[in-house]
Amino acid sequence: MIYHINLLLDEERRTASPLPLNALLRIGVVLVCGSLVVATLLLVFARRQAENRAALARAEWQDLKPQHEKLLRLRTSMVEVRGALRQLQACSHARVVWGEELDNVQAAIPLDVQLTELRASQVVSGATSTVTAVRGYDMHLIGKTGGEDADVHVRRLIDRLSTPAFSNRLESVTVPGGGFRPDPSRGALRTDRVFDVSCRYRSRKFE
Amino acid sequence: MKLSGHDKKRLRWGVGILLGGAGLLYAYVHLVLTPLVVARDANRNEDDTLRAEIEQSRVDFCDATTLRQEAATVQEAYTTDTNLFVLRPVLGSLLMGAQRLLEPVAQDCGLQMDPCVEKGRFEIPPRRGDGEKRFERYAMDVTLQGSYRALADFIRTLERTNAFLCVSDIDIQGRPENPLRHKATIRIEWPVAVENRLPTVPSGKGGNGSTVPADPALAKKGTAP
């Protein structure tokens, strides 16, 4: 029987690896420390650079800021003034020019029709946060006519109010129920008639 | 595998060193590197923000001339419109301001005019983007007597000389005793400045808070309500 006796102490044992563990550890520690130092230096440099750039930008902005604020104030005030102007203009967009309209109505009345009353009134509606308000008008023409062809005369008036001279402004022209009837006034002839023609104007937006 | 006493000792040392190294590394990253990164990023962000603002301001400066011209045009239109067309009170009375402008027009048109009757203030329906309300509609009734033609002339003159005035109601009644002379009640709406929010007009005649009609020459002729 052959006995192998190991006379080496533990601390005297050597590894067969070309890079012993101790050396590997030392290299690792050096590498980690080196990386940390490099990263730290890079970060310090990057921070300095960012600081300098920010300082430059700050200085530049300090120069520009007062003028820019002035410009912004000008823009804001212009927007406000424009808004106020639009408020004013809304009034004009939503109106019917009655001076001309009265002339047009007069020209449309047939010779054998006598107008006794003209009433027009506005209707403002639809003002919500999302819908622009509109202004419409209702006009009533009340008058007299006579003869066997009284209805023809009123029809002629309606036809004239339906011509292109009016149709771009008028939405409807109607004689309401009971709007064409015998003249109740004293001394009126059997064939005399009174009428009421209702006209509705197209709505115009306050814009 | 059974480790010898020496191996155990070495392993303990190794583990201790590894843990200590990791702790040191963590502490270094946390206490030294992270603040550096945070500071760098903060500076970069500030720089980016400022650069963006500078860039925007440069773009704005490029348009400054156009903006100034536009602002001047808008301001001029506003000044003109408010001076000419917004009803201004006479000694605090809008009614008197209106009557003072209407009477000469009625007289020129050959109409007999009764004193006006105030009907109140109504808001101009708001639209989005209009901002603060600066104007309202001031309504008043005016009663006139005269021919149909004269009434039409009266309204036409008012509407031509004031683009923002609105005739909201008309009631013309024929009179059997005199078919050529009618009685008419007309409701007129004028734009007026909202109280305590008079438009700021930096220059031009009839400025802020004026209590006389903006254009006395026109008012004198009776053609400029």
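These legends go with a set of close-up views of a predicted model.

**View 1. The largest pocket takes its lining from helices of both chains****.**
We start with the largest pocket, which has a volume of about 1200 Å³. It is lined by 32 residues, and the closest to its centre are A:Leu21, A:Asn22 and A:Leu25 from chain A, plus B:Gly14 and B:Ile17 from chain B. Helix H1 of chain A (21–93) and helix H1 of chain B (5–62) each put at least two residues into the lining. The biggest contributor is H1(B), with 14 residues. Sort the lining by class and you get 18 nonpolar residues, seven polar and seven charged.

**View 2. The second largest pocket has strands from both chains in its lining****.**
Here the space comes to about 560 Å³. Of the 19 lining residues, A:Gln114, A:Leu115, A:Thr116, B:Pro179 and B:His182 are the closest to the centre. Strand S1 of chain A (113–125) and strand S4 of chain B (166–173) each supply at least two residues of this lining. S1(A) gives the most, with six residues. As for chemistry, this lining has nine nonpolar, seven polar and three charged residues.

**View 3. A:Trp98 and A:Tyr137 meet edge-to-face****.**
Over all chains, the structure holds four aromatic pairs. In this one, the rings of A:Trp98 and A:Tyr137 sit 5.3 Å apart, centre to centre, with 75° between their planes. A:Trp98 belongs to helix H2 of chain A (residues 98–108) and A:Tyr137 to strand S2 of chain A (residues 134–145), so the pair ties together parts that are 39 residues apart in sequence. Buried or exposed, what is A:Trp98? At 0% relative accessibility, A:Trp98 counts as buried. A:Tyr137 is buried as well, at 1%. Look for A:Tyr201 too: ring pairs link A:Trp98, A:Tyr137 and A:Tyr201 into a cluster.

**View 4. In chain B, B:Phe85 and B:Phe164 make an edge-to-face pair****.**
The two phenylalanine rings are 5.3 Å apart, centre to centre, and their planes are 85° from each other. B:Phe85 lies in helix H2 of chain B (residues 64–85), while B:Phe164 is in the loop between helix H4 (148–161) and S4 of chain B, so this pair ties together parts that are 79 residues apart in sequence. B:Phe85 has a relative accessibility of 15% and counts as buried, because the cut-off for buried is under 20%. B:Phe164 is also buried, at 5%.

**View 5. Two cysteines, A:Cys91** **and B:Cys116, without a bonded partner****.**
How many disulfides does a search of the whole structure find? The count is zero over all chains. A:Cys91 has its nearest cysteine sulfur in B:Cys166, 7.5 Å away, and is in no disulfide. A:Cys91 is buried, with a relative accessibility of 3%. For B:Cys116, the closest cysteine sulfur is that of B:Cys109, and at 14 Å it is too far for a bond. B:Cys116 is buried too, at a relative accessible area of 7%.

**View 6. B:Arg156 has a side-chain contact with B:Asp153****.**
B:Arg156 is part of helix H4 of chain B. Which side chain does B:Arg156 touch in a polar contact of 2.7 Å? That would be B:Asp153. B:Arg156 is a charged residue that counts as buried, with a relative accessible area of 13%.

**View 7. Chain B, with B:Glu53 picked out in helix H1****.**
Chain B has five helices and five strands. Follow the sequence and they come in the pattern α-α-α-β-β-β-α-β-β-α. Of the chain's 225 residues, 41% count as buried. B:Glu53 lies in helix H1, and at 32% relative accessibility B:Glu53 counts as partly exposed. Its C-alpha atom is separated by 20 Å from that of B:Thr66, which is 13 residues away along the chain.

Definitions and conventions:
Residues numbered from 1 in each chain as written. Chains lettered and ligands numbered in written order. Predicted model: local features only at pLDDT ≥ 70, side-chain atom pairs only at ≥ 80, totals over all residues. Heavy atoms only, no water. 1 Å grid on protein atoms, 1.4 Å probe; cavity = no way out; pocket = protein on both sides within 12 Å on 5 of 7 lines; lining within 4 Å. Points joined across faces, edges and corners; volume = space filled by probe spheres on them. Helix = DSSP H or I, 4+ residues; strand = E, 2+ residues; numbered from the N terminus. Phe/Tyr/Trp six-rings, centres within 6.5 Å; stacked < 30°, edge-to-face > 60°. Buried < 20%, exposed > 50% of the residue type's maximum accessible area, 1.4 Å probe, protein only. Disulfide = S-S within 2.5 Å. Polar contact = N/O pair within 3.5 Å; in protein donor to acceptor, adjacent residues only side chain to side chain.
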